[in-house]
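Hi,

Here is the structure I said I'd pass along. Have a look at it first, and then read on for what turned up.

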Amino acid sequence: GLCAQEAPSRVAAHFAAMGMRRRLADIPGELPGPDVLVELMGQDKKVRAGRIAFVLARGIGEAFVARDVELPAVRTLLADAMAERPDG
């Protein structure tokens, strides 16, 4: 809900045209589960006071850093994305 509905589709199409992966379903092989992925994110050098820094977008070219992202929402998003994988 942060950016216009067409922006993510445009970015995904650009990534696809560049031959880049754009979804967890595009990554081959076994991946850790959502809880482990969030734990790994927590090891990033940009974590401050236990809060993970997420780069979010209000639109194309309009990124900002948010540290108030709720981790249960991140886990749900990751779980949904992993369910789209062929082995999910």
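Let's start with R23, which pairs with D26 in a salt bridge, the closest N and O atoms sitting 3.1 Å apart. Keep in mind that this is a predicted model. Neither partner is hidden away: R23 has 41% relative accessibility and counts as partly exposed, and D26 is partly exposed too, with a relative accessible area of 24%. For D26, the label follows from the cut-off, because buried would mean under 20%.

How many salt bridges does a search of the whole structure find? The count is five. Two others I'd pull up on screen:

- D44 with K46, where the closest N and O atoms are 2.9 Å apart. D44 is partly exposed at 34% relative accessibility, and K46 is partly exposed with a relative accessible area of 39%. Elsewhere, salt bridges with shared partners tie R22, R23, D26 and E84 into one network, so R23 and D26 from the opening paragraph belong to a joined set, given how a salt bridge is defined.
- R75 with D35, at 3.0 Å from N to O. This pair links distant parts of the chain, with R75 in helix α3, D35 in helix α2, and their positions 40 residues apart. On accessibility, R75 is partly exposed with a relative accessible area of 30%, whereas D35 counts as exposed at 52%. D35 gets that label because exposed means over 50%.

Now the inside. Which residues make up the largest nonpolar core? There are nine in all: L24, L37, V38, V47, I52, F54, V74, L78 and M82. Helices α2 (34–41) and α3 (71–83) each supply at least two of them, and α3 gives the most, with three residues. As a general point, nonpolar side chains in soluble globular proteins tend to be buried together.

If you want one core residue to click on, try L24. Leaving out residues up to four places away in sequence, L24 touches L31, L78, A81, M82 and R85. L78 and M82 are in the core list as well.

Not everything nonpolar is tucked in, though. V11, F15, M18, M20 and I60 form a nonpolar patch on the surface, with about 430 Å² of accessible area together. One of them, F15, lies in helix α1, which covers residues 6–17. Is F15 buried, partly exposed or exposed? At 30% relative accessibility, F15 counts as partly exposed.

Finally, the overall picture, for when you set up your own view:

- The secondary structure comes to three helices and two strands, and along the sequence the pattern reads α-α-β-β-α.
- The C-alpha atoms fill a box of roughly 40 × 35 × 20 Å along the principal axes.
- The chain has 88 residues, and 18% of them count as buried.
- About 6600 Å² of the chain is exposed, with carbon and sulfur atoms supplying 56% of that area.
- Among contacts with a separation of 6 or more, 48% are between residues 24 or more positions apart.

That's the tour.

Cheers

Conventions. Residues numbered from 1 in each chain as written. Predicted model: local features only at pLDDT ≥ 70, side-chain atom pairs only at ≥ 80, totals over all residues. Heavy atoms only, no water. Core = buried A, V, L, I, M, F, W, Y, C linked by side-chain atoms within 4.5 Å. Buried < 20%, exposed > 50% of the residue type's maximum accessible area, 1.4 Å probe, protein only. Helix = DSSP H or I, 4+ residues; strand = E, 2+ residues; numbered from the N terminus. Contact = heavy atoms within 4.5 Å. Salt bridge = Lys/Arg side-chain N within 4 Å of Asp/Glu carboxyl O. Patch = residues over 30% accessible without salt bridge, like charges linked within 9 Å, V, L, I, M, F, W, Y side chains within 5 Å. Areas by Shrake-Rupley, 256 points an atom, 1.4 Å probe, with all protein chains shown as cover.
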